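Reader: I am new to this structure. Please take one part of it and walk me through it closely, strand by strand.

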Amino acid sequence: MRRYLTIAIALVACVSLASCGKKYRGVEMERLGPLPFVILGHAVSADGCHLALMTPTAAGKTFYVLVDGKAGPQFDAISDSSLVFSADGRHVAYAARKSGRKLVVVDTLGGPEFDRVTSPPVFSPDGKRVAYAAESGARGLVVVDGSSGPEFDRIVRAPSFNSTNAHGTSPQRG
């Protein structure tokens, strides 16, 4: 079954990237290289020209994200449901686990570590900012551009951006 899923994702990638021409934003289709045998999660940019694949290393003990053929850092685990591109396709973000702590990675840079990341990362409409909800102990907080906001009893709605790039969420105080 996984083999068929890998083939299906490869076909989607080829069709998507083919629509961008032989070269798009410096990414040559030939340079994407061979696809990994096991693909556990994927994301395609909104314009269909960029592909991110979540896959285990050859030893199978750590995981990484392959973006347009370039491998990112390795982690103990990566949340496949958190893998997302910015609207312009220039950035990718995802939640990962390293040594028991959770963090969000934007492109290849890991952010602050928490006990839990409770929402997938979300980009601002212009793709320049990123926000997500996390927990430290029993307290919820919102992280915007790698900076933690005030702590609350919990965050009941994932952060979001409006057209002016302001973020909002629904905190609850005890």
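Author: Start with a term. Two strands count as paired if DSSP finds at least two bridges between them. With that in hand, F63 in β5 is the bridge partner of P56. One caution: the model is predicted.

First, the setting. The protein chain has 1 helix and 20 strands. Of its 174 residues, 40% are buried. About 9,300 Å² of the chain is exposed, and carbon and sulfur atoms supply 56% of that. Among contacts with a separation of 6 or more, 32% link residues 24 or more positions apart.

Now the close look, beginning at β5. This strand covers residues 63–67. Buried means under 20% relative accessible area. By that cut-off, 4 of the 5 residues of β5 are buried, so the strand is largely enclosed by the rest of the structure.

Strand β5 has a partner in β4, residues 51–56. The two run antiparallel, with 5 bridges between them. Together they make a hairpin, and 6 residues separate the strands. In that turn, G60 has a positive phi of about 80°.

Strand β5 also pairs with β6, residues 70–71. Again the sense is antiparallel, here over 2 bridges. L66 has A71 in β6 as its bridge partner. This hairpin has 2 residues between its strands. D68 sits in the turn, with a positive phi of about 50°.

Next, look at V65. Leaving aside residues up to four places away in sequence, V65 touches A52, L53, M54, K70, A71, G72, I78, L83 and Y94. V65 also belongs to the largest nonpolar core, which has 14 residues. V65 is listed there among the residues with the most contacts inside the core, along with F75, I78, L83, Y94 and A96. The elements giving two or more residues to this core are β4, β5, β9 and β10. The largest share, 3 residues, comes from β9.

That leads to β9. Its residues are mostly covered, with 5 of 7 buried. Several strands pair with it.

Take β7 first, residues 77–78. It pairs with β9 in the antiparallel sense over 2 bridges. Here A77 stands opposite R97.

Then β8. It too runs antiparallel to β9, joined by 2 bridges. V84 stands opposite A93. The hairpin of β8 and β9 has 6 residues between the strands, and G89 takes a positive phi near 75°.

Last comes β10, residues 101–106. It pairs with β9 over 6 bridges, antiparallel. A93 appears again, with V106 in β10 as its bridge partner. The hairpin of β9 and β10 has 2 residues between its strands. S99 is in that turn, with a positive phi of about 55°.

One loop residue rounds off the picture. S86 lies in the loop between β8 and β9. Its relative accessibility is 1%, so S86 counts as buried. Its side chain makes a polar contact of 2.6 Å with the side chain of D88. Not counting residues up to four places away in sequence, S86 touches H91, F123 and G127.

To retrace the route: β5 pairs with β4 and with β6. V65 touches Y94, among others. From there, β9 pairs with β7, β8 and β10.

Definitions and conventions:
Residues numbered from 1 in each chain as written. Predicted model: local features only at pLDDT ≥ 70, side-chain atom pairs only at ≥ 80, totals over all residues. Heavy atoms only, no water. Buried < 20%, exposed > 50% of the residue type's maximum accessible area, 1.4 Å probe, protein only. Contact = heavy atoms within 4.5 Å. Areas by Shrake-Rupley, 256 points an atom, 1.4 Å probe, with all protein chains shown as cover. Polar contact = N/O pair within 3.5 Å; in protein donor to acceptor, adjacent residues only side chain to side chain. Core = buried A, V, L, I, M, F, W, Y, C linked by side-chain atoms within 4.5 Å.
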